[in-house]
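Reader: I am new to this structure and would love a close look at one small part of it. Could you pick a stretch, go through it slowly, and then show me what else is there?

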Amino acid sequence: MMTAAPAHHTATEGADVDLPVIELARPMPGFPEHRHFTLVALDDASLLCSLQSLEEEALRFLVVPPHPFFPEYAPVIDDETVGELGVQRAEDVMLLLVVTAGQSLAETTVNLAAPIVVNASTMQAAQVILEDPAWPVKAGLATP
């Protein structure tokens, strides 16, 4: 088991750089055909990002790093996932939370129970369903 102490790495939208490809070691639930994504920052602070499918342009997930919003968030990642992603050090882990947009910021939530875990060194990733009941599926997104 490893407690994530995540790094934060994103590419800036519009930057003249090759965006790194994030390869899902296992597909996200409901999207079995999609394993290759790129992460694009949608704001200057890199808080709101788009996890964009490379297989289908219209498929993207809004994601945020957890720590600006939930500083105490430190999920325990199971050994199987750690091995599957080739994680050697907790510092190499980048966590992303999937955002469900509401009509307003007050109605916008993130899924703390199923973060996307990225090995920032290898760009291998997986969405992990946590066994800890302390992390809710719908947590209100507060302004950092």
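Author: Happily! Let us start with a pair of strands. Strands β5 and β6 (residues 60–64) run antiparallel and are joined by 4 bridges; two strands are said to pair if DSSP finds at least two bridges between them. Before going on, a word on what you are looking at: this is a predicted model, in which local features need pLDDT of at least 70, side-chain atom pairs count only at pLDDT 80 or more, and totals for chains, interfaces and linings use all residues. Residues are numbered from 1 along each chain as its sequence is written, and side-chain values use heavy atoms, with hydrogens and water left out.

Back to our two strands. β5 and β6 make a hairpin, with 6 residues between them. One bridge to look for is that of Cys49, whose partner in β6 is Val63. The element names follow DSSP runs, numbered from the N terminus: helices are H or I runs of at least four residues, and strands are E runs of at least two.

Now stay with β5 itself, which covers residues 49–53. Is this strand mostly covered or mostly uncovered? It is mostly covered, since 5 of its 5 residues are buried (buried means under 20% relative accessible area, exposed over 50% and partly exposed in between, with a 1.4 Å probe and protein chains only). The side chains alternate: Cys49, Leu51 and Ser53 point one way from β5, while Ser50 and Gln52 point the other way.

β5 also has a partner in β4 (residues 36–41), and these two pair in the antiparallel sense over 5 bridges. You can find two places along this pairing: Phe37 has Ser53 as its bridge partner in β5, and Thr38 stands opposite Gln52. β4 is largely enclosed by the rest of the structure, because 5 of its 6 residues are buried. On from there, 3 bridges join β4 to strand β3 (residues 21–24), again antiparallel. In that pairing, Ile22 has Phe37 as its bridge partner.

Phe37 leads us to the rings. There are 3 aromatic pairs in the count, where rings of Phe, Tyr and Trp (its six-membered ring) pair if their centres lie within 6.5 Å, planes under 30 degrees apart count as stacked, over 60 as edge-to-face, and the rest as tilted. The rings of Phe37 and Phe61 have centres 6.2 Å apart and planes at 45°, so this pair is tilted. Phe37 sits in strand β4 and Phe61 in strand β6, 24 residues apart, and the pair links distant parts of the chain. Both Phe37 and Phe61 are buried. Ring pairs also bring in Phe31, which forms a cluster with Phe37 and Phe61.

With our strands in place, here is the wider setting. The protein chain has 1 helix and 12 strands. Of its 144 residues, 45% count as buried.

Next come the cores, each a set of buried Ala, Val, Leu, Ile, Met, Phe, Trp, Tyr and Cys residues joined through side-chain atoms within 4.5 Å. In soluble globular proteins, nonpolar side chains tend to be buried together. The largest nonpolar core has 22 residues, and the members that touch the most others are Val64, Phe70, Tyr73, Leu97, Val110, Leu112 and Val117. Two elements, α1 (79–85) and β8 (93–100), give two or more residues to this core, and β8 gives the most, with 4 residues. A second, separate core of 18 residues includes Leu24, Leu39, Phe61 and Val98, and there you meet Phe61 from the ring pair once more.

Last, look for charged pairs. The structure holds 2 salt bridges, a salt bridge being a side-chain nitrogen of Lys or Arg within 4 Å of a carboxyl oxygen of Asp or Glu. In one of them, the side chains of Arg26 and Glu84 meet at 2.6 Å, N to O. This pair links distant parts of the chain: Arg26 is in the loop between β3 and β4, and Glu84 is in helix α1, 58 residues apart. Arg26 is partly exposed at 25% relative accessible area, and Glu84 is partly exposed at 33%. Arg89 and Asp92 also form a salt bridge, with their closest N and O atoms 2.8 Å apart. Here Arg89 counts as partly exposed at 46% relative accessibility, whereas Asp92 counts as buried at 13%.
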